[in-house]
Amino acid sequence: MLELYFASDTCALASMIALEEAGASYETHKIDFAAATQKAPEFLAVNPKGRVPALVTADGVLTETPAILVYIAQTFPDAGLAPVDDPFRLAKVQEFNSFICSTLHVAHAHRMRGYRWADDPAAIAEMQRKAPDAVAENYGLIETSMLRGPWVMGDEYTLCDGYLFTLSRWLEDDHVDPGRFPKVSAHRKRVRQRHQVIRALEREWA
Ligand SMILES: N[C@@H](CCC(=O)N[C@@H](CS)C(=O)NCC(=O)O)C(=O)O
């Protein structure tokens with residue numbers, strides 16, 4: 001059975017949503033950031049990066065959200081979570097998810113985790129100060145040129161939707177007014193109503 005390592009209120013929610021949408025059977029292992037268990041030897045044996053999510057499959061461990069998401073879509077094709085047989089449309093899904101992973105999520109991380117990139121407290125404070133602008137700039141792009149509506153890819157719900165939802169729930173914490181991005185805000189509400197997402201949120205906080 002698939003096993004998902006996750007922590008509450010993290011990007012791992014996107015993988016949990018995809019598993020729920022796929023109707024997959026999976027076990028969860030909760031990592032407690034408050035106790036720094038992401039740095040414990042037991043977890044580092046699963047994911048030497050010390051980050052969540054990590055998905056244990058019959059073939060080995062997967063990390064990095066876009067990789068986990070596309071694996072779930074390809075393993076459960078009947079769920080229709082991505083156009084797995086259409087190279088261009090699948091690449092568009094990957095393009096969006098890669099942007100979330102490598103640009104938006106990284107901009108967000110500058111608010112709380114500046115120590116990854118600098119030691120100087122002044123540099124860390126400057127990263128924190130700049131984070132809301134950097135995050136908002138990314139949402140501006142999503143709002144104007146990526147989110148087609150009603151779902152990210154248009155009429156079809158895909159992996160991208162749970163992933164965008166996972167990050168857009170942090171808008172207020174990132175000191176970005178959601179009112180600046182009406183399409184993103186409406187999308188957030190729309191995704192939040194899906195019963196698979198409600199189940200994932202319940203499981204995330206159980
Ligand atoms: N690129 C990775 C990022 C994973 C990541 O940074 N996860 C955060 C939670 S959102 C984490 O585990 N942080 C723990 C830490 O920094 O100690 C992905 O998208 O899966």
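## Domain contacts, salt bridges and cysteines in a predicted model

Leu-19 lies in helix H1; helices (H or I, at least four residues) and strands (E, at least two) are DSSP runs, numbered from the N terminus. This is a predicted model, in which local features need pLDDT of at least 70 and side-chain atom pairs count only at pLDDT 80 or more, while totals for chains, interfaces and linings use all residues. Residues are numbered from 1 along each chain as its sequence is written, and side-chain values use heavy atoms, with hydrogens and water left out.

**Leu-19.** With a relative accessibility of 0%, Leu-19 counts as buried, since buried means under 20% relative accessible area, exposed over 50%, and partly exposed in between (1.4 Å probe, protein chains only). Setting aside residues up to four places away in sequence, Leu-19 touches Leu-2, Leu-4, Ala-24, Tyr-26, Leu-55 and Ile-72, where contact means heavy atoms within 4.5 Å. Leu-19 and Asp-32 are 13 residues apart in sequence, and their C-alpha atoms are 21 Å apart in space.

**Two domains.** The chain is divided into domain 1 (2–80 + 198–205) and domain 2 (87–194), with bounds from an automatic or database domain assignment. Their C-alpha centres lie 19 Å apart. In domain 1, 21 residues are in contact with 18 residues of domain 2. The area buried between the two domains is about 1,700 Å², and carbon and sulfur atoms give 59% of it; buried area is the accessible area (1.4 Å probe) that two parts lose on being put together, summed over both.

Seven residue pairs are in polar contact between domain 1 and domain 2 (both at pLDDT 80 or more). Helix H1 (12–22), helix H3 (65–75) and helix H8 (195–205) each supply at least two residues of the side of domain 1 that touches domain 2. H3 gives the most to that side, with six residues. A polar contact is a pair of N or O atoms within 3.5 Å; within protein, one must be able to donate a hydrogen and the other to accept it, and residues adjacent in sequence count only if both atoms are side-chain atoms.

**Salt bridges.** Side chains of opposite charge can pair when their charged atoms come close. The whole structure has 11 salt bridges, each a side-chain nitrogen of Lys or Arg within 4 Å of a carboxyl oxygen of Asp or Glu. Between domain 1 and domain 2 the count is three. Four of the pairs are listed here.

| Salt bridge | Closest N to O |
|---|---|
| Arg-169 and Glu-204 | 3.1 Å |
| Arg-203 and Glu-20 | 3.8 Å |
| Arg-89 and Asp-86 | 3.7 Å |
| Glu-172 and Arg-188 | 2.9 Å |

Arg-203 forms a salt bridge with Glu-20. This pair links distant parts of the chain, with Arg-203 in helix H8 and Glu-20 in helix H1, 183 residues apart. Arg-203 is partly exposed at 30% relative accessible area, whereas Glu-20 is buried at 8%. In the pair of Arg-89 and Asp-86, Arg-89 is partly exposed at 43%, and Asp-86 is partly exposed at 27%.

Glu-172 is partly exposed at 41%, and its partner Arg-188 is buried at 17%. Salt bridges that share partners join Asp-9, Arg-169 and Glu-204 into one network.

**Cysteines.** The structure holds zero disulfides, a disulfide being a pair of cysteine sulfur atoms within 2.5 Å. Cys-101 is in no disulfide, and the nearest cysteine sulfur, that of Cys-11, is 7.6 Å away. The sulfur of Cys-160 is 13 Å from the closest cysteine sulfur, in Cys-101, and is therefore too far for a bond. Cys-160 is buried, with a relative accessible area of 0%.
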